[in-house]
Amino acid sequence: MILLTGGNGRLGKELQQLLGVVAPPSQALDITKAANVQAVFEQHKPTLLVHAAAYTNVSGAESEKKKCWQVNVEGTRNLVSVAMQHDVSFIHISTDYVFYGDKGTYKEEDPLGPVRNYYALTKLVAEELVRLVPKHLVIRTSFRPREWPYPSAFDDIYTSQDYVDIIAPEITLAIKHLNDIPYETLHIATERKSVYELAKRRKPDVQRGSKTSTLVSLPDDISLDVSRWQELKTTFERRKEERGKRKEESL
């Protein structure tokens with residue numbers, strides 16, 4: 001059984017439509033309370049935890065540091081502790097912001113940090129907590145809602161993020177093939193482009209904006225190298241074709 005945190009979130013809602021999961025609402029699964037996490041694990045007895053819950057307001061984190069830390073760090077720590085007690089596999093949804101964001105096309109094994117902002121700090125710490133779990137996979141990704149929600153978009157930040165309905169099926173595929181993934185870290189995203197270029201795909205009249213208008217420090221190029229994921233998908237497809245041929249031959 002798969003237990004999903006963050007079921008009410010942008011990614012969580014998409015994953016629920018694509019996967020058979022148990023996704024308690026935040027009132028039932030408050031990851032910041034260790035006793036609550038323990039009770040949910042004992043009730044549902046999951047074999048796999050997909051941790052998608054997070055405080056993701058990058059600007060807001062600068063003024064709500066306590067809340068951001070409670071969710072992203074203390075919440076993850078509670079899940080890690082209980083997952084280890086119950087021998088549960090752990091998939092953690094992380095972010096491209098764990099990198100500094102000055103050169104782009106980051107590979108999974110590239111050095112992390114230094115952090116640009118408080119949100120990035122909490123997600124970097126959360127990753128290191130998850131690595132305590134013997135059976136874990138850290139998925140670094142980035143996504144936007146199905147429709148671009150703002151009148152403008154930054155043309156001076158480069159990224160590999162995409163819309164959530166494009167990213168969610170990719171993450172679903174990774175979850176289904178977890179036992180076939182020989183890595184502990186995986187970048188799941190799409191090609192490098194500016195945030196403005198991404199926004200124009202679904203909001204043609206979006207205006208150009210600049211990160212200089214914000215009060216929080218943001219990266220220049222946070223794009224991810226996704227070649228490892230592309231190779232894995234090719235392997236999955238080849239194995240599927242081979243199984244299909246064997247099935248035909250046996251008929």
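This tour proceeds through a predicted model, one selection at a time.

**Stop 1: strand 3**

Begin by selecting strand 3, residues 89–95. Are its residues buried or exposed? Seven of the seven residues in strand 3 are buried. Colour the two faces of the strand separately. Ser89, Ile91, Ile93 and Thr95 point one way, while Phe90, His92 and Ser94 point the other way, and all of them are buried.

**Stop 2: the neighbours of strand 3**

Add strand 2, residues 48–51, to the selection. Strand 2 and strand 3 run parallel and are joined by four bridges. To see how they are aligned, select Val50, which stands opposite Ile91 of strand 3.

Now add strand 4, residues 136–141. Strand 3 and strand 4 also run parallel, and six bridges join them. Here the residues to select are Ser94 and, opposite it in strand 4, Arg140.

**Stop 3: the connecting helices**

Show helix 3, residues 65–85, together with strand 2 and strand 3. These three elements make a right-handed β-α-β unit. Next, show helix 4, residues 118–130, with strand 3 and strand 4. This set, too, makes a right-handed β-α-β unit.

**Stop 4: Thr122**

Remain with helix 4 and select Thr122, which is found there. Its relative accessibility is 0%, so Thr122 counts as buried. Which residues does Thr122 touch, leaving aside those up to four places away in sequence? They are Cys68, Trp69, Asn72 and Val73. With Asn72, the side chain of Thr122 makes a polar contact of 3.0 Å.

**Stop 5: helix 1**

Select helix 1, residues 10–18, and display the side chains of Leu11, Glu14 and Leu15 along with Gly12. These four residues are buried. Why do they lie on the same side of helix 1? They do so because they cover an arc of only 165° around the axis. The spacing of residues along a helix helps in reading this view: an α-helix has 3.6 residues a turn, so residues three or four places apart point the same way.

Then display what covers these buried residues. The cover includes strand 1 (2–5), strand 2, strand 3, strand 5 (143–144) and helix 5 (164–176). Strand 3, the starting point of this tour, is therefore among the elements that cover the buried residues of helix 1, as the contacts within 4.5 Å show.

**Stop 6: salt bridges**

The whole structure holds 22 salt bridges. Three of the pairs are visited here.

Select Glu127 and Arg131, whose closest N and O atoms are 3.2 Å apart in a salt bridge. Glu127 is buried, with a relative accessible area of 0%, whereas Arg131 is partly exposed at 25%. Extend the selection to Glu128 and Arg140, and a network of salt bridges linking Glu127, Glu128, Arg131 and Arg140 comes into view. Arg140 was met earlier, in strand 4 opposite Ser94.

Move to Asp155 and Arg208, whose side chains meet in a salt bridge of 3.2 Å, N to O. Asp155 lies in the loop between strand 6 (152–154) and strand 7 (158–159), and Arg208 lies in strand 11 (residues 207–209), so the pair ties together parts that are 53 residues apart in sequence. Asp155 is partly exposed, with a relative accessible area of 26%, and Arg208 is exposed at 56%.

Finally, select Glu191 and Lys193, which form a salt bridge with the closest N and O atoms 3.8 Å apart. Glu191 is partly exposed at 39% relative accessible area, while Lys193 is buried at 2%.

**Stop 7: the backbone in three loops**

The last stop concerns backbone angles. Most residues other than glycine have a negative phi, and most peptide bonds are trans.

Select Lys45, in the loop between helix 2 (34–44) and strand 2. Lys45 is not a glycine, yet its phi is positive, at about 50°. Lys45 is exposed, with a relative accessible area of 60%.

Asp87 is found in the loop between helix 3 and strand 3. Asp87 likewise has a positive phi, of about 55°, without being a glycine. Its relative accessibility is 53%, and Asp87 counts as exposed.

End with Pro114, in the loop between strand 3 and helix 4. What kind of peptide bond joins Gly113 and Pro114? The bond is cis, with omega about -5°.

How values were computed
Residues numbered from 1 in each chain as written. Predicted model: local features only at pLDDT ≥ 70, side-chain atom pairs only at ≥ 80, totals over all residues. Heavy atoms only, no water. Buried < 20%, exposed > 50% of the residue type's maximum accessible area, 1.4 Å probe, protein only. Helix = DSSP H or I, 4+ residues; strand = E, 2+ residues; numbered from the N terminus. Arc of directions from axis to C-beta. Salt bridge = Lys/Arg side-chain N within 4 Å of Asp/Glu carboxyl O. Pairing = 2+ DSSP bridges. Right-handed = clockwise from strand over helix to strand, strands pointing away. Polar contact = N/O pair within 3.5 Å; in protein donor to acceptor, adjacent residues only side chain to side chain.
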